[in-house]
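Trainee: I would like a close look at one part of this model. Please take me through it step by step.

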Amino acid sequence: MLGHALHDELRVVVDTDGSLPGDGGGEPVPGTGPAVKLVERPDETPAEPGSAEHEGWDDADVSVNATNTADLRVTDAMLSGKVGDTVPLEVKLVNAGPAWVLGKQDTPVTKVRVTIPEGATVTKSPCAKVATGVYECGTAQRWLNENAVETHTFKLRLDKAVSGAKGSLKLTGQARPYDKTPENDTAEITLNVTGGSSGSDGGSSSTGGGSASSTGGGSGSSGGATDSGGSPASGTTGTTGTTTADGDLASTGSGAALPLAGAAAAALTVGAGAVVAVRRRRAAQR
């Protein structure tokens with residue numbers, strides 16, 4: 001057998017005219033073991049000519065297990081960036097051999113469980129989500145060749161800096177008795193984020209001042225006007241506005257708050273003029 005053999009399937013074909021193998025099969029290779037003896041099965045009914053069953057040949061699939069090893073492993077990943085950045089996370093599964101691995105029918109050879117570090121959010125995943133911040137990636141086929149590398153690329157948005165934030169990679173799935181190096185079946189995801197929280201704080205307003213900050217629209221009305229009876233009117237206290245900006249606006253502080261703050265200031269000016277006009281008109285009538 002070849003040096004990469006481990007768990008294989010051997011197809012045995014008996015043909016009456018020597019035209020097989022077919023369907024893209026390789027050329028027959030003589031074995032080195034004892035000759036195979038054919039045994040008649042009298043309980044089987046031969047296929048009738050013209051039937052849907054193959055008449056001149058038959059086959060059987062036989063599982064063959066070789067004494068060999070295969071080292072499946074995952075590798076550490078280190079991520080860095082600023083708050084608000086989106087960075088790639090490459091999850092690499094390696095079969096360091098020497099054997100290839102053939103899994104069960106319709107089943108991945110193994111799975112990689114990915115736990116995302118705190119402070120990051122997955123915006124794009126090639127794998128199945130199994131819990132909050134946890135994903136599982138299977139192999140593309142039911143086999144994994146020797147020296148093969150499979151890569152699954154995630155996209156992570158860096159939301160905040162968390163001291164010592166770490167995630168993990170871990171092999172799960174089918175049992176791997178052929179893998180004699182379990183110490184590399186797990187790996188770490190290290191996350192290093194710089195910068196503060198995304199967005200800027202909104203501005204505050206003062207009583208009677210009516211000022212608005214550059215990032216958040218808060219304005220207060222003037223408390224100096226009098227009512228129609230001549231007594232001083234109570235001033236109203238301005239509210240504090242906070243605007244959270246996403247994307248590029250988070251770093252510049254720009255946003256829709258500036259036009260709104262300007263409109264609020266204009267409205268206050270018109271309102272004060274209206275109060276003065278009404279007082280003068282009433283004074284003239286007296």
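How many aromatic pairs does the structure hold? Please start there and then work outward.

Mentor: Keep in mind that this is a predicted model. The structure holds one aromatic pair. Its members are Tyr135 and Phe154, with ring centres 5.5 Å apart. Their planes stand at 75 degrees. Planes over 60 degrees apart count as edge-to-face, so the pair of Tyr135 and Phe154 is edge-to-face.

Now place the two rings in the chain. Tyr135 belongs to strand 10, residues 134-138. Phe154 belongs to strand 12, residues 149-158. The two residues are 19 apart, and the pair links distant parts of the chain.

Next, the burial of each partner. Tyr135 has a relative accessibility of 9%. The cut-off for buried is under 20%, so Tyr135 counts as buried. Phe154 is at 0% and therefore counts as buried too.

Stay with strand 10. Cys137 is also in this strand. Cys137 forms a disulfide with Cys127. The sulfur atoms are 2.0 Å apart. A search of the whole structure finds one disulfide. The angle about the S-S bond is 105 degrees, and the link is right-handed. Cys127 sits in the loop between strand 8 (120-124) and strand 9 (128-131). The cysteines are 10 residues apart, and this pair, too, links distant parts of the chain. Both Cys127 and Cys137 are buried. Strand 10 thus holds one member of the aromatic pair, Tyr135, and one of the disulfide, Cys137.

Now move to another strand. Strand 4 covers residues 77-82, and its side chains alternate. One face carries Ala77, Leu79 and Gly81, which are buried. The other face carries Met78, Ser80 and Lys82, which are not. Strand 4 runs parallel to strand 14, residues 186-194. Six bridges join the two strands. Take Leu79, on the buried face of strand 4. The bridge partner of Leu79 in strand 14 is Leu191.

Finish at the surface. Leu10, Val12 and Val62 make a nonpolar patch there of about 220 Å². Leu10 lies in strand 1, residues 7-15. The relative accessible area of Leu10 is 46%. Buried would need under 20% and exposed over 50%, so Leu10 is partly exposed.

Note on methods:
Residues numbered from 1 in each chain as written. Predicted model: local features only at pLDDT ≥ 70, side-chain atom pairs only at ≥ 80, totals over all residues. Heavy atoms only, no water. Phe/Tyr/Trp six-rings, centres within 6.5 Å; stacked < 30°, edge-to-face > 60°. Helix = DSSP H or I, 4+ residues; strand = E, 2+ residues; numbered from the N terminus. Buried < 20%, exposed > 50% of the residue type's maximum accessible area, 1.4 Å probe, protein only. Disulfide = S-S within 2.5 Å. Patch = residues over 30% accessible without salt bridge, like charges linked within 9 Å, V, L, I, M, F, W, Y side chains within 5 Å. Areas by Shrake-Rupley, 256 points an atom, 1.4 Å probe, with all protein chains shown as cover. Salt bridge = Lys/Arg side-chain N within 4 Å of Asp/Glu carboxyl O. Pairing = 2+ DSSP bridges.
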